[in-house]
Amino acid sequence: MTNALAKAIAAGEMDVWYQPQIESTTLRIAGFEALARWNHPERGCIGPAEFLDQSEESIEDLAAFVLARACSDAALWPDLMVGVNVAPHQFAHSPFPDDIAAIAGAAGLPLDRLELEILENAALENPDAARAVMVRLREMGVRIAIDDFGQGHSHEFLLLDLPVSKIKLARSIVIDPTASDWIAEFVGMAHALGMEITAEGVETQAQAKAMQAAGCDYMQGFYFARPSPGRDVVRAIVGGGANT
Ligand code: G
Ligand code: MN
């Protein structure tokens, strides 16, 4: 079967957009998360939630495309991080750290500016394999973030045993006003373990204040900026944040 994603990449319809991650105490941009966007000829500009839902297609081509593009875009930026989402099966694949080194190397991106975002269940499915891959990546200088944390059932105990650099709190708890005590407590625990925290999906000033007060290190969400194309990132950096 022909892979529609591979065809879209070949046709130049696939793009990578970026959303800033803001340092909570200074409100400075610390880095950007890379997000795949498909300029679909009929459906318009759509994200993975829309184009990956019903398809059973292999996302390998897409994953390689996003990683390579994100690394080469980020290599141009000053000393800012780039976060790239990684699928569970990619992660469990043992040559993965070598692939990462090759892709970042070809793009000229230092490995300590790359952060891979993985879902918690990537670690759960095969903890030993996942841990081995994480350890190698950390040794190479690559940072590991756990994405969408706190959604449904989270397995906090797992984190104790994994070389995780950052935890990204799911939007569902960030927007829940009753969750702030839990978040503050969780941030304390994570900091004690040497992990940083990002609050995702911040859409209002009240949420931003609550996440600052809870001690989250970074914030990301529509309140600060929506994802935008790579050239807009460069313009924002060059123009000191202003854009037209
Ligand atoms: O699963 P992950 O956290 O990587 O998903 C990121 C997605 O969340 C992106 O597609 C992005 O467009 C979306 N997103 C980013 N910020 C916000 C926000 O403030 N509100 C909502 N509803 N979605 C957001
Ligand atoms: Mn993510």
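Start by selecting the manganese ion (ligand 2): its donors are spaced E-x51-N-x31-E-x29-D along the chain. Keep in mind that you're looking at a predicted model.

Now show the side chains around the metal. The manganese ion (ligand 2) is held by E33 through OE, N85 through OD1, E117 through OE and D147 through OD, with distances of 2.1 to 2.4 Å. Color E33 and D147 next: E33 sits in strand β2 (residues 29-40) and D147 in strand β6 (residues 143-149), so this pair ties together parts that are 114 residues apart in sequence.

Switch on a surface if you like. Are these two buried or exposed? E33 has 4% relative accessibility, so it counts as buried. D147, at 8%, counts as buried too, because the cut-off is under 20%.

Stay with β2 and bring up strand β4 (residues 81-85). The two run parallel and share four bridges. Zoom in on E33 and you'll find G83 of β4 standing opposite. From β4, step across to strand β5 (residues 114-119): this pairing is parallel as well, over four bridges. Pick V82 there, and its bridge partner in β5 is L114.

Last stop: the helices. Select α3 (residues 60-76) and α5 (residues 96-107), which pack at an angle of about 40° with their axes 8 Å apart. That makes α3 and α5 oblique to each other, and their crossing is right-handed. To see what touches what, show L67, A68, C71, S72 and A75 on α3, then I100, I103, A104 and A107 on α5; these residues make the contact.

Methods:
Residues are numbered from 1 along each chain as its sequence is written. Chains are lettered from A and ligands numbered from 1 in the order in which they are written. This is a predicted model: local features need pLDDT of at least 70, side-chain atom pairs count only at pLDDT 80 or more; totals for chains, interfaces and linings use all residues. Side-chain values use heavy atoms; hydrogens and water are left out. Donors are N, O and S atoms within 2.8 Å of the metal (3.2 Å for Na, K and Ca); water is not among the atoms, so sites may look incomplete. Buried means under 20% relative accessible area, exposed over 50%, partly exposed in between (1.4 Å probe, protein chains only). Two strands pair if DSSP finds at least two bridges between them. Axes are lines fitted to C-alpha atoms, for helices over the stretch in contact, and angles run from 0 to 180 degrees between N-to-C directions. Angles under 35 degrees count as roughly parallel, over 145 as roughly antiparallel, 65 to 115 as roughly perpendicular and the rest as oblique. A crossing is left-handed if the near helix is turned anticlockwise from the far one by less than a right angle, and right-handed if clockwise. Contact means heavy atoms within 4.5 Å.
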